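Let's walk through this one together, starting with the fold of one chain and ending at the place where two chains meet. Keep the viewer open as you read.

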Amino acid sequence: MITIKNVTKIYGKDFKAVDNMNLVINDNEIFGFLGPNGAGKTTTIKMICGITPISEGEIFVNEHSIAKNPLEAKSSIGYVPDDPNILMRLTGYEYLNFIGSIYKVEPFLLKERIEKYAKTFDLYDDLNDRIENYSHGMKQKLLVIGVLVHNPKNWVLDEPMTGLDPRSSFKLKEMMRAHADEGNTVLFSTHVLAVAEQLCDRIGIINKGKLVFVGTVQELRKMRQSGESLEHIFLELTENA
Amino acid sequence: MRNIIALSKVMLLNKLGSLLGSKKKKKAKREGSSTLVRSIIMLVVLFLLMFASFFFIANTLGKLAKQADFLLELGEVLSLAFIVIIILFSITFVYSTFFTAKDNDLWLPMPIKTSEIFVARFISCMATIYYIELVSIMPFLLGFTVGAKLPFEAILGQIIYIVFLPIPIIAVFFMFTLLISNFFDFQRHRKFFDGLMFAIIIIGSLSFSVLMSIGGERIGSLTEEIQLAEDPTALLEGLKVQFSTISNAISWSLFITFFSRYMFVGGLWAVIGPLLMAIAGILLFFLAVLFSRKSYTRVLYAPSAPAKKKSVKKTKHKALKRNQHPVWVIFVRDLKNVVRSTTYLFNVLFAPLIALLAMTISMVISFVASGDPNMDVSNAPSFSNMALTNYPALTFIILISLINFLNAMNFTSGTSFTREGSHISVIKSYPIKLRHLLYGKLILGTSFSAVIYFIILLTFFIIAGGPFYLFVIFLLCGIVTIIALNYISIFFDLRFPYLNWTTELQAVKQNKNIIFNMLIGFGVLLINIIYLLIIIFANLPLYAAILMVVITFGAIIAGFEIHINKKGYALLDYLQV
């Protein structure tokens with residue numbers, strides 16, 4: 001479970017990237033973060049993961065404050081960044097071993113999971129190659145596997161489908177669903193409204209740092225009381241907020 | 001023409017932005033302009049420091065040359081030295097700007113001619129060389145001109161020289177590299193050629209430092225010798241011959257030397273010479289444009305990624321036997337990151353080794369060149385033993401100073417966080433203790449300097465025949481100083497990281513922390529000089545010297561440990577991409 005309480009992020013003197021956000025992302029739930037570019041999605045995700053300090057308010061991950069108990073909170077988070085260009089000089093396998101050591105995954109379990117997920121995402125034969133030689137999609141897959149191998153309770157994925165081929169994208173969506181159904185939390189950001197509509201239990205629309213809507217897609221449609229497409233509703237919400 | 005101006009503007013702005021470490025507009029808006037102002041102030045201070053040192057050296061040299069009336073001979077030597085500097089930089093700039101730039105894909109879809117891309121890159125390359133001239137050649141020329149009280153025409157000639165010198169050099173290197181590119185695919189064998197470029201630069205720099213040390217040796221005793229020598233120009237003849245070693249390798253540079261030497265004297269040729277060089281440069285530029293029209297398109301269309309992917313060993317993975325300690329994991333990951341990158345390996349890790357090599361070669365040559373019978377290599381054991389037995393405290397401080405100096409060239413700790421680049425976000429999301437992260441990074445820089453120190457110390461003790469316990473004490477004290485210095489470097493990089501780079505070369509070359517790293521080293525050398533003076537004047541024994549060093553550097557380490565305890569995770573807040 002991820003709880004965001006009165007969180008504000010201020011850059012410089014007065015630029016509010018996130019403005020007094022309150023949100024609870026429950027267990028058993030896939031929560032989708034939607035919003036235009038620069039709305040504050042990535043900043044919020046980075047605050048949840050302890051990458052960016054919080055200016056005001058507090059974030060709890062499984063009841064551990066990310067500011068006060070960062071290690072405990074981070075141990076239960078699996079984060080996929082929006083930029084997959086990471087640790088380019090390592091091989092895929094070295095990267096996954098590194099993740100295993102950092103998250104203290106039992107070696108036999110780590111080996112088993114690496115094999116399982118690398119095969120699932122069709123990356124097994126490339127694990128001995130350096131990451132710098134991977135394509136964008138392969139890097140993205142490796143990052144996703146990096147999250148899966150330490151099996152965290154909370155998945156925080158920043159635009160995880162970007163660059164994935166349809167098969168991998170489908171598998172990831174299946175895994176997200178399965179993970180949430182096992183009593184865990186999945187939070188992800190996306191620009192693809194169809195994915196949000198198809199996958200999310202609830203969505204949050206953020207615009208200019210403020211949450212302008214939180215609820216199910218059905219609730220959103222009901223609220224607008226119109227037969228408009230989700231795309232139209234989204235555009236209206238983010239235009240006038 | 002409009003295309004060229006627009007392209008050049010973009011390329012130059014991109015370069016300037018990287019140089020100043022300026023952030024994206026949105027980020028600058030968020031964080032205010034303080035970072036940019038700080039960067040500019042830092043650059044100005046550094047520029048002034050370099051300017052002042054070059055100016056004063058050249059000023060003294062100018063006065064001496066005028067006094068002994070050998071302006072023309074010295075002018076030839078200096079012209080050659082300048083050309084060697086510019087050539088050394090041009091080789092890499094031409095290679096990286098014209099042949100391995102990663103922005104081809106950006107320009108190719110645009111309605112721009114190949115020759116326009118070429119000219120824009122030429123301008124961008126020239127701007128970079130102007131920057132080198134601004135910090136090295138210009139203050140030198142200015143100091144020399146003031147010292148030698150050169151006439152107006154010499155100044156005019158120097159201005160023309162400064163403005164036009166990069167043109168023939170870039171043009172010739174471009175055409176030469178373009179010719180080579182017919183036989184070798186730079187993009188496909190990029191790693192090999194990157195390594196080759198570094199090797200050329202290092203060999204060139206070593207040769208230059210050796211020649212400079214010979215020159216320095218001579219110039220250092222010039223005042224005295226001028227007074228004693230009947231024919232001071234004979235001295236310069238020797239110097240000139242040594243500098244000519246480089247010129248023989250690059251014979252066409254003598255051509256430029258011929259045009260530029262008179263600007264150190266005056267007269268009509270002081271202007272005509274550089275003017276002729278400028279005309280030759282412009283002609284070479286147009287020739288290069290012609291060449292670019294013919295075959296530069298082929299280079300632009302070369303894929304930016306290796307075309308032939310290496311066959312990967314089929315899955316024979318090395319599974320972990322047990323969980324490794326986070327400090328070890330961070331250290332190993334960082335080590336792999338450095339040793340697998342040619343850029344990091346040569347610029348970050350090997351820099352002290354190269355410095356040590358240059359120092360050793362220069363020292364040996366200086367000994368040989370001095371002709372002093374006391375300076376014989378066979379006297380080294382007795383000399384070292386005498387130093388260790390009779391002056392142990394002084395020897396101790398000198399050895400500590402040596403490793404402190406070499407550590408100042410080791411930029412591993414000074415770029416600890418910078419090397420992570422945008423990946424720092426992911427590192428911050430790991431559940432890893434701050435102390436473990438810092439120690440993992442500290443070990444890399446510290447261990448490398450410690451190994452170098454161990455080798456130096458062992459060699460010294462074998463030659464001097466000192467007792468083992470003293471070797472251990474010297475070693476441990478040296479390691480304490482290395483740890484302290486690496487702590488300072490890491491914390492500075494943590495406080496002022498340069499994370500928004502796109503290439504590893506930018507992370508190293510455009511990183512102001514590297515200069516800070518060197519300044520720390522030189523600052524510590526000053527402290528060591530104070531210790532030396534205290535030891536000499538107060539006649540302190542060895543244990544007092546050891547105590548002074550351990551207390552000072554131990555206090556630095558303790559200070560940082562307290563700081564880590566106090567600030568904790570908040571220290572990582574400075575690392576924002």
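Of the contacts in chain B with a separation of 6 or more, what percentage comes from residues 24 or more positions apart? That share is 86%. Bear in mind that we're looking at a predicted model, and it scores ipTM 0.78 and pTM 0.69.

Let's stay with chain B for a bit. Its secondary structure is quick to describe: 24 helices and zero strands. The chain has 577 residues, and 50% of them count as buried.

How much confidence does the predictor put in all this? Chain B averages a pLDDT of 77, with 77% of the residues scoring at least 70. The mean varies from element to element: helix α21(B), residues 468–495, has the highest at 91, while α2(B) has the lowest at 49. Two stretches deserve a careful eye. Residues 22–26 of chain B have a pLDDT below 50, and beyond near neighbours in sequence the model gives this stretch seven contacts. Residues 305–309 of chain B also have a pLDDT below 50, with six contacts counted in that way.

Now for the charged side chains. Over all chains, the structure holds 20 salt bridges. A good one to pick out inside chain B is D334(B) with R419(B), where the closest N and O atoms are 3.2 Å apart. This pair links distant parts of the chain: D334(B) is in helix α14(B) and R419(B) is in the loop between α18(B) and α19(B), 85 residues apart. Are these two residues buried or exposed? Both D334(B) and R419(B) are buried. They also belong to a network of salt bridges that links R333(B), D334(B), R419(B), E420(B) and K441(B).

Chain A has a salt bridge worth a look too. D201(A) pairs with R177(A), with 3.1 Å between the closest N and O atoms. Again the pair links distant parts of the chain, from the loop between α7(A) and β9(A), where D201(A) is, to helix α6(A), which holds R177(A), 24 residues apart. D201(A) counts as partly exposed because its relative accessibility is 28%. R177(A) is also partly exposed, at 25%.

For a contrast, find V147(A) in helix α5(A), residues 136–149. Why does V147(A) count as buried? Its relative accessibility is 3%, and the cut-off for buried is under 20%. Leaving aside neighbours within four places in sequence, V147(A) is in contact with G78(A), Y79(A), V80(A), P152(A) and W155(A). If you check Y103(A), 44 residues away along the chain, its C-alpha atom is 10.0 Å from that of V147(A).

On to the place where the chains meet. The size of an interface is often given as the accessible area lost when the parts come together. Here chain B and chain A bury about 4100 Å² between them, 59% of it on carbon and sulfur atoms. The contact takes 40 residues from chain B and 50 residues from chain A.

What holds hands across this boundary? The count between chain B and chain A is three salt bridges. One of them joins E504(B) to R89(A), with the closest N and O atoms 2.5 Å apart. There are also seven residue pairs in polar contact across the interface, both residues being at pLDDT 80 or more. On the side of chain B that touches chain A, the elements giving two or more residues are α2(B), α14(B) and α19(B). Of these, α14(B) gives the most, with five residues. By class, this side of chain B has ten nonpolar, eleven polar and 19 charged residues.

Helix α14(B) also takes part in another salt bridge, between E94(A) and K336(B), at 3.2 Å from N to O. The pair crosses between chains, from helix α3(A) to helix α14(B). K336(B) counts as partly exposed because its relative accessibility is 24%.

Finally, look at R130(A), in the loop between α4(A) and α5(A). Not counting residues up to four places away in sequence, R130(A) touches M88(A), R89(A), L90(A) and T91(A), along with K191(B) and R340(B). The C-alpha atoms of R130(A) and R89(A) are 6.0 Å apart, although the two residues are 41 residues apart along the chain. R130(A) is partly exposed, at 24% relative accessibility.

Methods: Residues numbered from 1 in each chain as written. Chains lettered and ligands numbered in written order. Heavy atoms only, no water. Contact = heavy atoms within 4.5 Å. Buried area = accessible area lost by both parts, 1.4 Å probe. Salt bridge = Lys/Arg side-chain N within 4 Å of Asp/Glu carboxyl O. Polar contact = N/O pair within 3.5 Å; in protein donor to acceptor, adjacent residues only side chain to side chain. Helix = DSSP H or I, 4+ residues; strand = E, 2+ residues; numbered from the N terminus. Nonpolar A, V, L, I, M, F, W, Y, C, P; charged D, E, K, R; others polar. pLDDT = per-residue confidence, 0-100. Buried < 20%, exposed > 50% of the residue type's maximum accessible area, 1.4 Å probe, protein only.
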